[in-house]
Amino acid sequence: MLAREYLREHADDYRVALKNRGSKVDLERFLELDAERRKTIARVETLKNQRNVASQQIAALKKSKQDASAQIDAMKRVGDEIKELDARLADIEEELRAIELELPNVPHETVPVGADESANRIERTWGEKPKFDFEPKAHWDIGEALGILDFDRAAKITGARFALISGAGARLNRALIDFFLEQNTSRGYREVVPPYIVNADSLRGTGQLPKFEQDLFKLTDRDYYLIPTAEVPVTNIHREETLDAASLPRQYTAYSPCFRSEAGSYGKDTRGLIRQHQFEKVEIVKFVMPDESWNELERLTADAESLLQALGLHYRVVALSTGDLGFHAAKTYDLEVWLPGQSTYREISSCSNFTDFQARRANIRYRAADKKSGFVHTLNGSALPIGRMLVAILENFQDAEGSVRIPTVLQPLMKGLTKISAT
């Protein structure tokens with residue numbers, strides 16, 4: 001959510017931001033309602049002042065035993081108008097709030113301007129693409145041949161876009177979770193185990209509601225939803241709270257299953273583990289002072305990168321363009337890992353600064369020693385998604401026989417297993 005003062009005083013700047021994003025929300029209606037609201041409030045205050053003066057006059061007339069009926073009638077008319085205006089204010093506020101929840105964040109000045117992902121900017125790369133003396137296979141072929149991925153049985157159990165992971169694949173899945181959590185906590189992130197079901201207020205706070213409700217799985221008997229990412233419950237840890245500025249930054253990491261309907265992606269990535277209805281991630285979240293958030297974005301991104309580096313995976317860091325930027329983000333770096341079986345880079349992590357956008361929606365504030373207060377800035381990153389990491393490992397560490405080497409740093413968590421081979 002954006003400050004109304006910003007929208008009012010920088011409407012032209014925001015029109016440019018909306019154009020760059022390709023967003024078609026009704027800013028003009030918002031400005032019209034905002035002006036009416038302020039005009040109506042001023043009228044109500046004037047009427048209330050008139051009523052106060054009239055009340056004093058009526059009291060004086062009654063005390064002197066004079067007729068006050070004219071003043072009483074006039075005061076009743078004033079009271080009726082105040083009631084009508086208060087009702088109108090409630091309607092205005094409801095419509096304003098509905099529009100506000102649809103207004104996207106303002107892209108940072110360093111975000112490349114463009115209509116879609118073709119305008120994304122490569123910031124840097126790390127490592128080298130692996131070289132093979134054979135034609136590398138896609139992870140779904142590797143995993144099924146090794147007996148660790150089973151999409152047919154998962155479809156029988158539930159339906160499309162689910163996977164059954166077993167044997168050494170399941171152990172590798174668990175090893176990745178443990179490794180990511182240990183690495184994150186060693187960097188100062190506090191590990192939490194959040195609820196995996198959240199209420200609508202939590203989803204509004206982080207920006208998934210109302211705009212992205214079609215992507216969520218909702219419980220039928222109550223206003224609860226399965227989480228699309230641990231970002232939602234972890235960010236809402238401090239909803240409706242005021243944090244001591246001296247305690248910032250606060251950093252959290254959490255493992256969770258995630259659930260998404262993928263409503264807008266039918267026909268995309270229908271094979272394999274890339275785009276599933278159920279998947280797992282380890283998330284990192286920061287609450288920081290506003291003047292530190294851009295430095296903290298670089299640190300958060302570096303923390304996610306360090307995990308890929310430890311695993312020895314070639315990747316690139318991409319700054320998303322205005323047209324590819326998420327609704328609630330002011331700036332996002334995507335980490336894209338190379339997948340040789342598909343001969344392409346794929347997103348493995350998104351690291352974003354939301355500035356005070358989420359904090360305003362969730363009412364997360366800070367208070368400094370000098371009593372100064374304001375909204376914190378929130379940041380979030382994947383560190384990292386487990387399913388997509390399985391994809392990266394299977395495709396990058398395959399050999400000609402169809403076996404897959406285990407990255408060295410994961411071998412202690414695999415009880416010394418160095419390779420997954422067909423049994």
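Student: What makes β7 and strand β13 count as paired, and in which sense do they pair?

Tutor: Two strands pair if DSSP finds at least two bridges between them. Strand β13 (residues 364-367) and β7 share four bridges in the parallel sense, so the requirement is met. Within this pairing, T242 stands opposite R365 in β13. Helices (H or I, at least four residues) and strands (E, at least two) are DSSP runs, numbered from the N terminus. The model is predicted, with residues numbered from 1 along each chain as its sequence is written. Local features need pLDDT of at least 70, side-chain atom pairs count only at pLDDT 80 or more, and totals for chains, interfaces and linings use all residues, while side-chain values use heavy atoms, without hydrogens and water.

Student: Which strands are called edge strands in the open sheet, and why?

Tutor: The sheet has three strands in the order β7-β13-β14, with mixed pairing. Its edge strands are β7 (241-244) and β14 (373-375), as each pairs on one side only. From one strand to the next, the twist averages 30 degrees.

Student: What is the angle between α7 and α10 called, and how do you know?

Tutor: The axes of α7 (residues 168-186) and α10 (residues 293-311) cross at roughly 130 degrees and come within 11 Å. Axes are lines fitted to C-alpha atoms, for helices over the stretch in contact, and angles run from 0 to 180 degrees between N-to-C directions. Angles under 35 degrees count as roughly parallel, over 145 as roughly antiparallel, 65 to 115 as roughly perpendicular and the rest as oblique. The two helices are therefore oblique to each other. Where they meet, L176, F179, F180, Q183 and N184 in α7 are in contact (heavy atoms within 4.5 Å) with L307, A310 and L311 in α10.

Student: Why are the buried residues of α5 placed on the same side of the helix?

Tutor: In α5 (residues 139-146), H139, W140, I142, G143 and L146 are buried, meaning under 20% relative accessible area, against over 50% for exposed and partly exposed in between (1.4 Å probe, protein chains only). The arc, taken from the directions from the helix axis to the C-beta atoms, is only 160 degrees for these residues, which puts them on the same side of α5. Elements covering them include β2 (149-150), α6 (151-157) and α12 (386-396).

Student: Is E94 buried or exposed, and how do you know?

Tutor: E94, located in α4 (residues 69-100), has a relative accessible area of 60%. This value is over 50%, so E94 is exposed.
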